[in-house]
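Some notes follow on pockets and salt bridges. Please read them with the model open.

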Amino acid sequence: YTVQKTIVCDVLSPNVKAHLTVIAPNGTPACSTDGITLENVDATRDYQISLSEYGQYNISVIAQEDSAWKFSTKSYLEYSLAVVDGEKPTLTFQGEFQTELAVGEVLTIPQYTVSDNFTKAENINVIRMVINPKGMPIYINDDSSALKCEYTGVYQIYFYVYDEMGNLTIFQTSVTVK
């Protein structure tokens with residue numbers, strides 16, 4: 001991305017200076033591709049930056065009249081650039097779901113792992129829900145991996161997997177209880 005130069009001028013004070021700061025999503029000053037740390041640098045030239053992090057880059061320019069000028073003032077220009085993660089998290093099971101059970105048997109959820117290109121696995125939200133044949137939603141907490149099937153009919157199983165950027169993966173399957 002090119003952070004373009006800023007042209008600054010003042011009718012009465014010909015000596016105006018402009019300083020640029022670019023803050024990366026991690027809260028530190030960004031570096032240009034030629035190794036310059038972009039914190040209070042000359043804003044009257046272009047800088048190339050690599051958008052290597054997801055999140056918001058904050059760009060600010062401060063223009064100030066010569067301090068020798070009697071009424072020295074500052075002007076501010078601020079904008080942001082969002083780098084969005086559009087990749088959904090993945091959900092991988094280490095086994096298969098049962099397809100048929102008898103009333104009173106236990107529906108076991110296979111072990112699974114989650115991963116994402118940006119969010120660490122421990123920071124990925126997983127909501128597990130089963131809708132029983134009577135239409136009742138049953139949320140399965142993290143400490144459990146099984147549910148006793150008390151009614152005949154179809155149990156619908158849903159996994160909602162969210163990463164930190166809000167991307168969602170939905171997994172759905174069903175089990176028939178006779």
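1. Is R45 buried, exposed or partly exposed? The model is predicted. R45 counts as partly exposed, because its relative accessibility is 32% and partly exposed lies between the 20% and 50% cut-offs.

2. R45 has a salt-bridge partner, D34. Their closest N and O atoms are 3.4 Å apart. The contact joins distant parts of the chain, with the two positions 11 residues apart in numbering. R45 sits in the loop between β3 (41-42) and β4 (47-48). D34 belongs to the loop between β2 and β3.

3. The search of the whole structure gives 2 salt bridges. E100 and K178 form one of them, at 3.8 Å from N to O. This pair also links distant parts of the chain, 78 residues apart. E100 is in strand β8 (residues 100-101), and K178 is in the segment after β15 (168-177).

4. How accessible are the two ends of that bridge? E100 has a relative accessible area of 51%, so E100 is exposed. K178 is exposed too, at 60%. The cut-off for exposed is over 50%.

5. Now the largest pocket. Its space is about 180 Å³. The lining has 10 residues, and K17, H19, Q64, E65 and K74 are the closest to the pocket centre. Two or more lining residues come from each of β2 (16-23) and β5 (55-65). β5 gives the most, with 3 residues.

6. What is the chemical make-up of the lining of the largest pocket? It divides into 5 polar, 4 charged and 1 nonpolar residues.

Conventions
Residues are numbered from 1 along each chain as its sequence is written. This is a predicted model: local features need pLDDT of at least 70, side-chain atom pairs count only at pLDDT 80 or more; totals for chains, interfaces and linings use all residues. Side-chain values use heavy atoms; hydrogens and water are left out. On a 1 Å grid over the protein atoms alone, a cavity is a set of points where a 1.4 Å probe fits but cannot get out, and a pocket is an open set with protein on both sides within 12 Å along at least five of seven lines; lining residues have an atom within 4 Å of a point. Grid points are joined across faces, edges and corners, and a volume is the space filled by probe spheres set on the points. Helices (H or I, at least four residues) and strands (E, at least two) are DSSP runs, numbered from the N terminus. Ala, Val, Leu, Ile, Met, Phe, Trp, Tyr, Cys and Pro count as nonpolar, Asp, Glu, Lys and Arg as charged, and the others, Gly among them, as polar. A salt bridge is a side-chain nitrogen of Lys or Arg within 4 Å of a carboxyl oxygen of Asp or Glu. Buried means under 20% relative accessible area, exposed over 50%, partly exposed in between (1.4 Å probe, protein chains only).
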